[in-house]
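Trainee: Could you choose one part of this model and take me through it closely? I'd like to start with any backbone oddities and then get to the part that deserves the long look.

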Amino acid sequence: MSEPNVDVVVVGAGPAGSAAALALARAGCSVVLLERGPYPGAKNMYGGVVYGRVLDDVLPRWWEEVPVQRWVTRRSTMVLTPTQALTVDFRSEAWGAAPYNGMTVYRSDFDGWLAGHAVAAGAQLVTSTVATGLLRDAAGRVVGVKTDRPDGDLRCKVVIACDGVNSFLAKEAGLLPRADAHHHTLGVKEVLALPREVIDDRFGLRGDEGLDIEMLGCTRGIPGGGFLYTNGDTVSVGAVLQLPGLAASKVRPEEIIADIKAHPAIAPYLRGATLKEYSAHLIPEGGYDAMPVLHHDGLLLAGDAAGMTLAAGIWLEGVNFALGSGLAAGRAAARAVAAGDTTRAGLASYRRDLESTFVLRDHKRLRGAPGLVLSDRVQQRYPGLIADFVESVFGVTNPAPKPGFVRLLRQSMRRHGVKMRHLVADGIRGGRVFR
Ligand SMILES: Cc1cc2nc3c(=O)[nH]c(=O)nc-3n(C[C@H](O)[C@H](O)[C@H](O)COP(=O)(O)OP(=O)(O)OC[C@H]3O[C@@H](n4cnc5c(N)ncnc54)[C@H](O)[C@@H]3O)c2cc1C
């Protein structure tokens, strides 16, 4: 059998792949990082916020060089009906100073920046190259990848598949079960241009402060939610929509974004904005219970290829989980290469490492969140119930005397077909999920 060309091939230069390549190169392994796009990040889209704490150990003081748009100092959650909006709004001065909490970044900048660190550490980045399949030995072990280049087979001791949602390589290895539409949402986004000072004024921001808004009740009953994030001189507005609900609704995703942009609580922020970009991408939202097996003889999965986006209501985080799992995969592969055992058993420390970090601990603890957040009542009844209740509490009924809150709540519940036992059951379920 031919000798390996390198120790490890990492497929995909998204956050997971570049983090894996960085860890491997630092551990002294030879590593090729394959990317189908002409440069890292060229084809990648997401909402817009990265939580970088996971980088602290790897790139000390990363915030001094990361290509940030704005530091998120303000986070809001909005509950919407077509005519009402309730906003819980939080801002913190601490989030506007090092070591920062979250930042808006463009993927074309962030992915290139991180891949640059992997290259500086010694990884070989090969762009405009698609991994088209796995190479296996007679025993079925993964021993490399086929690519779309002439003579493009690359032999190695370990392949790390970081090729994103619906990973072609994970499917070929038999690790990823048939995609279940219930476990996926479609993310759609528009990037809208506005002058920087206008964004500052309208969103109450100064300098490089930024805002992140998550929305519930803006998707015409299709399970999902909306978002709005501020960049330097653009605003990203979008929605995530569960696939079966979207298909059944016959609504086009652009119509949902149009609804959000036209909502009376959102439209004033966006007046005069011009469309720069529209994009769409799948998100694996099944959580812990829908994750594939993470390792195989000669193969590891990380990031969205392993279904690691955490979608739990106020949290839509995938990049930090991709970074965390990519780093862990790189370290596990480096240990296996050094020990001369890249079998499934030799790579098993990957899963154990993930179980002891936020990557699988958060997913495990919040495993019930996707089901609860995307449930019928949370999506279709509670936004209206909450908005009507708050409207009746804030409304002044003089000359009629003020009614008690319990009566108002019961009225709103009746109007939205919610019984007390539903509220209690969902409250208990929520308490268990988010305990
Ligand atoms: C609308 C939307 C909003 C989101 N919002 C957020 C957010 O605000 N914050 C957050 O943290 N997460 C967010 N996410 C999730 C986040 O984008 C993902 O979790 C994250 O990008 C996963 O990183 P990854 O490296 O695993 O995969 P990806 O970022 O998908 O990278 C995969 C890479 O592999 C390359 N590739 C694929 N196949 C091949 C192949 N065969 N050969 C060579 N290269 C290949 C691709 O070109 C790409 O560069 C959002 C996602 C969407 C769709």
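Mentor: Start at proline 399, which sits in the loop between helix 12 (376–394) and helix 13 (405–415). Keep in mind that this is a predicted model. The bond joining asparagine 398 to proline 399 is a cis peptide, with omega about 10°. There's another cis bond running from alanine 98 to proline 99, where omega is near 10°. Proline 99 is found in the loop between strand 5 (85–91) and strand 6 (103–104). While you're checking the backbone, have a look at arginine 61 too: its phi is positive, about 55°, although it isn't a glycine. You'll find arginine 61 in the loop between strand 3 (49–50) and strand 4 (70–80).

Now for the long look: the largest pocket, and then the ligand. The largest pocket has a volume of about 890 Å³. Its lining takes in 46 residues, and those closest to the centre are Arg107, Gly164, Val165, His281 and Asp304. Several elements give two or more residues each to that lining, among them helix 1 (15–26), helix 3 (168–172), strand 15 (274–284) and helix 8 (319–339). Strand 11 (184–193), strand 13 (224–230) and strand 19 (315–317) also belong to that group. By residue type, the lining splits into 25 nonpolar, 13 polar and 8 charged. Domains come into this as well: domain 1 (6–67 + 106–179 + 287–367) and domain 2 (182–284) each supply at least three of the residues lining the largest pocket.

Next, the ligand. There are 34 residues around the ligand, and the nearest are Glu35, Gly47, Val49, Arg107 and Asp304. You've met two of those already: Arg107 and Asp304 are also among the residues closest to the centre of the largest pocket. For polar contacts, begin with glycine 47, which has a polar backbone atom 2.8 Å from a nitrogen of the ligand. At glycine 318, a backbone N or O atom is 2.9 Å from a ligand oxygen. Alanine 16 puts a polar backbone atom 3.0 Å from an oxygen of the ligand. As for how covered the ligand is, it would expose 1000 Å² taken alone, and the protein buries 96% of that.

One more space to check. The cavity count, for 30 Å³ or more, comes to 1, and the largest cavity holds about 40 Å³ of space. It is lined by 10 residues, with Tyr51, Arg75, Glu214, Leu316 and Glu317 closest to its centre. Strand 12 (209–216) and strand 19 each contribute at least two lining residues, and strand 19 gives the most, with 3. This lining has 6 nonpolar residues, 4 charged ones and no polar ones. Where does the largest cavity lie relative to domain 1 and domain 2? Both domains give residues to its lining, so the largest cavity lies between them.

If you want to trace all this on screen, strand 19 is a handy place to go back to: it supplies two or more residues to the lining of the largest pocket, and it is also the top contributor to the lining of the largest cavity.

Conventions: Residues are numbered from 1 along each chain as its sequence is written. This is a predicted model: local features need pLDDT of at least 70, side-chain atom pairs count only at pLDDT 80 or more; totals for chains, interfaces and linings use all residues. Side-chain values use heavy atoms; hydrogens and water are left out. On a 1 Å grid over the protein atoms alone, a cavity is a set of points where a 1.4 Å probe fits but cannot get out, and a pocket is an open set with protein on both sides within 12 Å along at least five of seven lines; lining residues have an atom within 4 Å of a point. Grid points are joined across faces, edges and corners, and a volume is the space filled by probe spheres set on the points. Helices (H or I, at least four residues) and strands (E, at least two) are DSSP runs, numbered from the N terminus. Ala, Val, Leu, Ile, Met, Phe, Trp, Tyr, Cys and Pro count as nonpolar, Asp, Glu, Lys and Arg as charged, and the others, Gly among them, as polar. Domain bounds come from an automatic or database domain assignment. A residue is near a molecule or strand if one of its heavy atoms lies within 4 Å of it. A polar contact is a pair of N or O atoms within 3.5 Å; within protein, one must be able to donate a hydrogen and the other to accept it, and residues adjacent in sequence count only if both atoms are side-chain atoms. Accessible areas come from the Shrake-Rupley method with a 1.4 Å probe; for residues, only the protein chains shown count as cover.
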